[in-house]
Amino acid sequence: IEMKKVSKLYKSSKEEIVAIKDIDLSLEYGDDVAIIGPSGSGKTTLLQIMGGLSNPTRGEVRIDGVLINKGSDNKISQFRNKTIGFIFQNIYLQEYFTAKENVMLPMLIAGVSRKKAEEKARDLLEKVGLKNRINHKPSKLSGGEEQRVAIARAIANNPKIIMADEPTAKLDAENTDIILNILKDINKSGVSIIVITHDQKVAKNFHKQFYLDHGVMVDGNF
Ligand code: ADP
Ligand code: MG
């Protein structure tokens, strides 16, 4: 991932907010990264631009050399869907679907057969320790279990990169550890992990650390 001089300004009639400013960032495949900063420092804005979910006001983001913020381009959105798995603080599971069906969804969208998607969803849910929750709907799961379903969903299409926005912010210490260990295992299998957090204890689980301070990035590795 290469970010060059990336800035995002939010404008309203009254004011202009510089959410992130002139961010340069270079990450390699296999990296495990924490981006740390207090609330309002621009973390979510940065991650959404890095993953192509929103457009920068200035600057560019490339993954494998591909400019990823041209959202309307079908080829690029396919590339994004194939390359990146997202995990959100608010989890966003489909409430009428079971855990298994939630994990199947991105595979069905990507054209995987129903049978294969079902088998893989079972495997993935087993991998995140939810063997006995496969047919539960989200309302019957704990917050930690829901986030594990979301992780299984994020890795369903074998992404090269996982981007997670405060994935443990709503969890207790025990569930935070479970989620961090799952993310570390995923990273060991070769997938890059980029985690956004305001929590230093979470951040220290990752090898590369960067700090955001009022939208400006400070390298943590020196
Ligand atoms: P963090 O995730 O670190 O809490 P955000 O990226 O969500 O920070 O927000 C950074 C700054 O940009 C904040 O001042 C926030 O109020 C502002 N901001 C975020 N999203 C929007 C938006 N859609 N419109 C206007 N301002 C926004
Ligand atoms: Mg945020």
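## Close-ups of pockets, ligand and cavity

**View 1. The second largest pocket holds about 160 Å³ of space.** What you're looking at is a predicted model: local features need pLDDT of at least 70 and side-chain atom pairs pLDDT 80 or more, while totals for chains, interfaces and linings use all residues. Residues count from 1 along each chain as written, chain letters start at A and ligand numbers at 1 in written order, and side-chain values use heavy atoms, with hydrogens and water left out. A pocket here is an open set of points on a 1 Å grid over the protein atoms alone, with protein on both sides within 12 Å along at least five of seven lines; lining residues have an atom within 4 Å of a point. Volume is the space filled by probe spheres on points joined across faces, edges and corners. Around this pocket sit Thr168, Leu171, Asp172, Ala173, Thr176, Asp177, Leu180, Asp199, Lys201, Val202 and Asn205. Helix H6 (173–188) and helix H7 (200–203) each give two or more of them (helices are DSSP H or I runs of at least four residues, strands E runs of at least two). H6 is the top contributor, with four residues. Sorted by class, the lining comes out as four nonpolar, three polar and four charged (Asp, Glu, Lys and Arg are charged; Ala, Val, Leu, Ile, Met, Phe, Trp, Tyr, Cys and Pro nonpolar; the rest polar).

**View 2. The largest pocket comes in at about 680 Å³.** There are 22 lining residues, and those closest to the pocket's centre are Asn81, Ile84, Pro106, Ile109 and Asn157. Helix H2 (74–83), strand S6 (84–87), helix H3 (99–109) and helix H5 (143–154) each chip in at least two lining residues. The class split for this pocket is twelve nonpolar, seven polar and three charged.

**View 3. Ligand 1 sits in a shell that draws on strand S2 (16–26) and helix H1 (43–50), each with at least two residues.** The full shell (a heavy atom within 4 Å) is Tyr10, Ile17, Ala19, Pro38, Ser39, Gly40, Ser41, Gly42, Lys43, Thr44 and Thr45. H1 has the largest share, at three residues. Counted by class, the shell has four nonpolar residues, six polar and one charged.

**View 4. Zooming in on ligand 1, Thr45 has a side-chain N or O atom 2.6 Å from a ligand oxygen.** The side chain of Lys43 also places an N or O atom 2.8 Å from an oxygen of ligand 1. Ser41 joins in through its backbone, where an N or O atom lies 3.2 Å from a ligand oxygen. On its own, ligand 1 exposes 560 Å², and the protein buries 59% of that (Shrake-Rupley areas, 1.4 Å probe).

**View 5. A single cavity of 30 Å³ or more turns up, with a volume of about 40 Å³ for the largest one.** Unlike a pocket, a cavity is a set of points where a 1.4 Å probe fits but cannot get out. Its lining is Leu47, Gln48, Leu53, Phe86, Ile87, Phe88, Met163 and Asp165. H1, S6 and strand S7 (161–165) each hand over at least two of the lining residues. The lining of this cavity has six nonpolar residues, one polar and one charged.

**View 6. Ser7 belongs to strand S1 (residues 2–11).** Its side chain reaches the backbone nitrogen of Asp22 at 2.9 Å.

Technical notes. Polar contact = N/O pair within 3.5 Å; in protein donor to acceptor, adjacent residues only side chain to side chain.
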